[in-house]
Amino acid sequence: MPDKDIVQNYVTELKRGNLVLAVLGSLDTPHYGYALLQTLQERGMEIEANTLYPLLRRLEKQELLESDWDTTKSRPRKYYTISKKGQMVKDKLFEAWKEMQKSLMDIYSGE
């Protein structure tokens, strides 16, 4: 396998590992799927719709997200927000992420 492919595979793994945190962190205000997709992409999180929508369904099933349908417009949209349980999980995941980041910074700075 070429080195470029190896690196790309690991970059994909890194992104996948941060996706839940990015989604939970973006849903303090309600978003429908496509708007969330755009928000994540604008903030540098490249994600495909066919990755995001199953993730939203999984997080909702785990009760980390709540959803509500808006049928007032010509096109109904399902809006997602973070639940109280999701907020607690997000906070704990973010703390763990910061600890891992600090450990990596320590490793690379030689401490």
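A pocket is here an open set of grid points with protein on both sides within 12 Å along at least five of seven lines, and its volume is the space filled by probe spheres set on the points. In the predicted model, the second largest pocket holds about 280 Å³ of space. Its lining comprises 13 residues, of which T12, K15, R16, L19 and T51 are the closest to the pocket centre. Two elements, α1 and α3 (49–61), each give two or more residues to this lining. The greatest contribution to the second largest pocket comes from α1, with six residues. By class, the lining of the second largest pocket consists of five charged, five nonpolar and three polar residues.

The largest pocket encloses about 340 Å³ of space. Its lining is formed by L14, G17, N18, V20, L21, L93, A96, W97, M100, Q101 and L104. The elements that supply two or more of these residues are α1 (3–26) and α4 (84–109). Helix α4 provides the largest share of the lining of the largest pocket, namely six residues. Eight residues in the lining of the largest pocket are nonpolar and three are polar, while charged residues are absent.

Helix α1 thus appears in the description of both pockets: with α4 it gives two or more residues to the lining of the largest pocket, and with α3 it does so for the second largest. The class composition may also be set side by side, with no charged residues in the lining of the largest pocket and five in that of the second largest.

Note on methods. Residues numbered from 1 in each chain as written. Predicted model: local features only at pLDDT ≥ 70, side-chain atom pairs only at ≥ 80, totals over all residues. Heavy atoms only, no water. 1 Å grid on protein atoms, 1.4 Å probe; cavity = no way out; pocket = protein on both sides within 12 Å on 5 of 7 lines; lining within 4 Å. Helix = DSSP H or I, 4+ residues; strand = E, 2+ residues; numbered from the N terminus. Nonpolar A, V, L, I, M, F, W, Y, C, P; charged D, E, K, R; others polar.
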